[in-house]
Every structure is written in C-alpha cells, then in structure tokens.
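Reader: Can you walk me through this one? I have some short questions.

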Amino acid sequence: MDRVSTGVAGLDAMLGGGLIPGRPYVVSGPTGSGKTILAMHFLAAGLARGEPGLMVTLDEPPNEVKANVVAFGWNLDRLKLLDATPDIKAHKRQRSVIDVGTTMDVRDMDQVGEIRQSSQIRAMEVSVHGVQKMLKQEFFQRLEKTRERYRRIVIDSLTALKMFTMQGEDSRIMIQSFLRFLSELEATSIIVSERLNPGILETEFFLGRGEIRFHKALDGNVIRRAVSIEKFRGSRFDDRIRPMTISSAGITVDPQGAVTMSGGRLARLGEAYLEQRMSEEVTNVIEGVLKMIEDAHKFRLSVSDVEHAISRAMLYLQRRNYQKALKAALHAQSILRERMDHARQGLPGLPPPPPAVAPPPPGVKR
Amino acid sequence: MINGKIRTGVAGLDRMLHGGLVPHRPYIVSGPPGSGKTVLSMQFLLEGVQGGERCLFVALEEPPNEIKANMRPFKWPVDDIEMLDANSDIRRFEPTPVIEISTEVEPMRMREVGERIRKTPDFESHEVTVHSLQQLLKNLFIKRRYERVVVDSMTALRYFCMREFEETLTTQSFMRFLAESKVTSLLTVELPEEGEVPPEAFLARGEVRLHKLRDDTGIKRFISIEKYKGSSHDEFVYPFEIHQGGIVVQVGDGGKSPAAAG
C-alpha cells in the first residue's frame, strides 16, 4: 500500500511507512506540544514532492503562523493558507445573524503580510459549515485553474472550529459531515484537536482513521516530550510511546527510544479501569447477596450475621478498599449459600434455622 | 454448534462464552477507538459465511472501500460478506431533496466494493436516520434471510442518526427490532478512555468488552465478558493480540490457543 510521509522520519517509522492516503487523521495533545509543527512538517514534505497543500488556520492569523515557522527554515512559499480566523465581532444590528465572521482569503505563504483587517462588506460565518464552504470553493477553483488537486489538507484546529459552531447546530453531525467531506476530496488530511475531556467521546476521535498523540510532561525543570500512536486503521504500527524533541530542525522522534512515564496520567489510565472493574465486581456480589437475603427472609432463616458482613463490605466499597470489600462480600455470600442449601434440603418442611452459628439478636440493620 | 450456541469466529472468545453465542439475539462489543471492535465483528461474519450463512455488515463509521482495504492484510475470504453503506452523505445547507436511505441503498457483496469512496451526488444527498435504516433492514430481512448482522457502530447511529429522537429509547427499540428479526447481531459501541459506560451497554443481552491499556512496552489489549444473559461464562479478563490471522485470545487452559488458522 502507498504511504504518505508525515515529514518526520521517526514518526513515519512508527506508522510503518507513513499515513494511508486519502483519509482524515487526528493529531492531539496539550497546548504547546507540537501539533501545529507536525502539521507544518506534513505540508512541507508534500510540497517537497510536488503535492499541493492547504492549511486552514483557525487558531492563529496567517502572519503569526508564518512567523512561527520561519525559524525552521522550511520552504513553504507555495503553501496555501486559508485564513478562517474570526473577524472582530461586528456589533452592527443588520449583521446580527453572523456572530463570528471571516472573509474568504487564501494566499501563498510568501504573500502573507500583516494581519487581515476585518471586512467591512461581507463576512462569512465561522462555523463548520462556513469553513467547509470556503474549503470547497478553494479546492475546486484550484482544480479548475491549475488542474491540481490539493493532496494534503490541515485543519488547525477543530477545537477552535467547534467553539465557533453556531447555536442550534448539532456539532456531532456537523463534524461527521465535515470528515466525510474531507474523505470525498480524497486528500490526506490532518485535523488538529485537543482532547478536552477524556470522559467524553468526541466525534473526530472515533471517526478519524488514526490518532497521533503528543505528550508533554515536566520532569524537574525540563520539559519532556513524547509521541504515541493511539489508533491507526488498516495498518500495523509501533504502539510504544517514543521520545521526541523540538529543535531548530523541527520535530525529531526517536523510534527506538524508551520513555518511562512514571506516575504520569498515562500510567493512571490503567488504574482507573481496574478500579472500575473491581468496583463493578464487588457491586455484583453485594447485589447478589442482598437478593439472597430477601429469599432467606422468606425461608425465615436467621441471616443477621450475613447482613453484618455485607454492610461491612459496603463500607469498604465506599472507602474504595476493593480487596477487603470483595473478601467480605464473598464471605457473606458463602455463609449464605451454605445456609440456603441446608434450608432447601429440608424442604418443604422449612425447619427452623440451624443453631450452628451463634444466633445474634434480631437484625438491627435495615 | 455447541449446545445450541453459534461460534464467534474467535476460538478463545468462544471458550470464554462457554461455547459461543446464543443465536438470534443482539450483543454488544464495546471498547475505546482502536481496540479491535471492527476486526472482531468481521471475524464473526467470516465465521458465518464460511458456514454458508448469509451475513451483513452495516457500515456507519467508515466508507466500505476503506473497510475493504483495512481487512486486506488479513487475507480473509470476505468476498461473500454483504456490505451496507449507511454513511450519511455530506450535509447540504441549500434546500436540496434529502433522499432517505431506505428507498435507495442496497447492500453489495464485499467483492463488488470499489477502491474509491462513493461521492455525494450533486443535487441530492442521502441522510441516514435510525428510522429509515430500520425500515431498510426490515425489508432486507424479509427478502433475504440473514443469519448474522454487524452494526458498526451503534455510537455512530446514536450520534449521527437520532437527531430528533430520544436516544436511549430509540436505541432500545432498535435492539428490540433486531431481536425480533431473529438475526444474531453484534453491535459495536465506542467507549471513552475514561468515565462512564454509554447507555447502549445496558440494553443488550450480552456485552463483550475490549480494553486498551498502556504500559512501558506499548498497548496491551484485554477482553472480558461483562454480561451474558442466559448462559454461564468466564468472569476473567484475558489478554488478546491482533495477529496476521485476526484476534487471538490467550485463554488459560491448555496453554496458547491454536488460533484461527485463516
């Protein structure tokens, strides 16, 4: 299968050669972790091979984007920038429909000068739909004029785009449609997105055909950087977290290096899962015992010791001491089972509870 | 068939399920993105077609051409699996006629799936709603007897196809529809990396969960049966790997399982 280089050799190695062409990918990570720089690597690598690239910028105006990459010394003159940063909010009454607007503005990197002035005449709304419209217009104008298709597209960032999404729009559907739109252009695209809340499954993360994730941690007073591939459909990939650096040459990934993420958020991820798993297991046992206790009451069995044990288990569970909770719950379960079995053997006569265990006073517990 | 159960196509999983799945019911396969849900469900259908059953894959997350390309490295004989493209078109904002999927789309065999993505037509667009999809499946189930059906994914169905519906109730009724249709179905559900399990998981008769954990040596995958009504099952969490031949679960007894010889 053909592969598309990300422009970072170490990362391509992790991806088994590069990205699969024509699909949308997500690049995620905290602010300042290198997402935009990777996007630039990706576009520069394309230009070097004669593949036209388009950058849709929503976070920073083009002049800032340009200033930020000058230091790396790449030739990005032929890169097209679509400026979708919002205009200054118009407060005029007649324009009230459009809260955040922008102007259709695509230019070569070497044409980027000062910041664009907010348009007085015609503002386009900054929304998923608005950006999609601008992108489409640019894509087909280019195709018509130069018979060239954009091969690489970067959206920086979808997080910004989502924030501008107009009220009433269903952002999940808008993003699904937007990714479909990118797929149908048959360009390889990189979507920059920040994972704001790991508890919420955001559309682009499961619809994207892969995710490259950047990590940044403070180790003493040094920033340690790392990169991992979380998902990559249709290909094998290196599933370790690899160290990386950002220097004047851009991003360098060491595809053989090891990262020890001690105590970081990554290590805790597994714990959260185990904790959930344990608490579920304990809850199940407790629920089972509670049900049996009900039955036991019907048989008029004395079960107050079991009730004691189970309430102890619940207390442990509340304190998140899962091992003790499970032990107490299982103990209660086994006493109760045994007693129930005895009772059943004596059916249907329902003999009084066996006096084996010290019969405590009638249940105080609810 | 072992005591009336059907095989999943993953030997180790069958062992965890004490023989396989009770037929004609909907089951959930849940897990975070990239945990192996699509691969597992493809193996489930492969097992079916190899036994001469009619099998349907309902694609809601990825275009069929990509699914086909992604499965190629496994070299499975998937040609006879039928593929229903239930991906919505690009949404239009101009007033153009919206075509309901139920009136237009037919499944195609995997061998007929092309190399390139289907393009949104210029003057109309398909919109897939849960209602239209259910109608379409209903008609299909009458016309052709499908034994196994995969819906990939329920999350996409809930996120993108239930705009004007109450999500939990609609999901429930969709699953009920599948149960009444007498097909054995696997429904994939995307899980977030942390936090709560989405409502779909509570509604099925059984749930196979795939877990993704990271340690210093990379991504570790685990599989567990979270729920299986009407059958005993293994309570433990087993590690699994995705090999050349597909998913291989390392179930304890008798050492490594011989794996599905593709």
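Reader: Start with strand β3 of chain B. Which way do its residues point, and are they buried or exposed?
Author: This is a predicted model, so take what follows as computed from it. In β3(B), residues 82-85, B:Glu82 and B:Leu84 point one way, while B:Met83 and B:Asp85 point the other way. All of them are buried.

Reader: In which sense does β2(B) pair with β3(B)?
Author: β2(B), residues 55-59, and β3(B) are parallel, with four bridges. Within that pair, B:Val58 is opposite B:Leu84.

Reader: And what do those two strands make with α3(B)?
Author: A right-handed β-α-β unit, built from β2(B), helix α3(B) (residues 64-71) and β3(B).

Reader: What about β3(B) and β5(B)?
Author: β5(B), residues 108-109, runs antiparallel to β3(B), and two bridges join them. B:Met83 faces B:Met108 there.

Reader: Is there anything odd in the loop between α3 and β3 of chain B? What is the phi of B:Lys75?
Author: B:Lys75 sits in that loop. Its phi is positive, near 55°, and it is not a glycine. Most residues other than glycine have a negative phi.

Reader: Is B:Lys75 buried or exposed?
Author: B:Lys75 counts as exposed because its relative accessibility is 68%, and the cut-off for exposed is over 50%.

Reader: Where is B:Lys182, and what is its phi?
Author: B:Lys182 is in the loop between α7 (167-180) and β8 (184-190) of chain B. Its phi is positive too, near 60°. At 48% relative accessibility, B:Lys182 counts as partly exposed.

Reader: Switching to peptide bonds. Which residues does a cis bond join in chain A?
Author: A:Asp156 and A:Ser157, with omega about 5°. A:Ser157 lies in the loop between β7 (152-156) and α5 (158-164) of chain A.

Reader: And which residues in chain B?
Author: B:Asp152 and B:Ser153 are joined by a cis peptide bond, with omega about 5°. B:Ser153 is in the loop between β7 (148-152) and α6 (154-160) of chain B. Most peptide bonds are trans.

Reader: Pockets next. How much space lies in the largest pocket?
Author: About 910 Å³. The largest pocket has 35 lining residues, and those nearest its centre are A:Ser235, A:Arg236, A:Phe237, B:Arg221 and B:Ile242.

Reader: Which elements give two or more residues to that lining?
Author: From chain A, β10 (222-232) does. From chain B, the elements are α2 (37-50), α3, β10 (218-228) and β11 (238-243). β11(B) gives the largest share, five residues.

Reader: How do the lining residues of the largest pocket divide?
Author: 13 are nonpolar, 12 polar and 10 charged.

Reader: Back to β11(B) for a moment. How does it pair with β10(B) and with β12(B)?
Author: With β10(B), β11(B) is antiparallel over three bridges. B:Arg221 is opposite B:Phe240 in that pair. With β12(B), residues 246-249, β11(B) is also antiparallel, over four bridges. A hairpin of two residues links β11(B) to β12(B), and B:His243 has B:Gly246 as its bridge partner.

Reader: How many cavities of 30 Å³ or more does the structure hold?
Author: Four. The largest cavity holds about 100 Å³ of space.

Reader: Which residues lie nearest the centre of the largest cavity?
Author: A:Gln176, A:Arg180, A:Arg209, B:Glu61 and B:Asn87, out of 13 that line it. Helix α6(A), residues 171-184, provides the largest share of the lining, four residues. The lining divides into six nonpolar, three polar and four charged residues.

Reader: And what volume does the second largest cavity have?
Author: About 60 Å³. Its lining includes B:Thr8, B:Leu13, B:Tyr27 and B:Phe44. β1 (26-31) and α2 of chain B each supply at least two of the lining residues. The lining has eight nonpolar residues, one polar and no charged.

Reader: Last one, helix α4(A). How far apart are its end C-alpha atoms?
Author: They are 27 Å apart. That agrees with the expected span, because 19 residues at 1.5 Å a residue should span 27 Å. Among the buried residues of α4(A) are A:Val131, A:Leu135, A:Glu138 and A:Arg142. A:Arg147 follows α4(A) and has a positive phi, near 60°.

How values were computed: Residues numbered from 1 in each chain as written. Chains lettered and ligands numbered in written order. Predicted model: local features only at pLDDT ≥ 70, side-chain atom pairs only at ≥ 80, totals over all residues. Heavy atoms only, no water. Buried < 20%, exposed > 50% of the residue type's maximum accessible area, 1.4 Å probe, protein only. Pairing = 2+ DSSP bridges. Right-handed = clockwise from strand over helix to strand, strands pointing away. 1 Å grid on protein atoms, 1.4 Å probe; cavity = no way out; pocket = protein on both sides within 12 Å on 5 of 7 lines; lining within 4 Å. Points joined across faces, edges and corners; volume = space filled by probe spheres on them. Nonpolar A, V, L, I, M, F, W, Y, C, P; charged D, E, K, R; others polar. Expected span 1.5 Å × (residues − 1).
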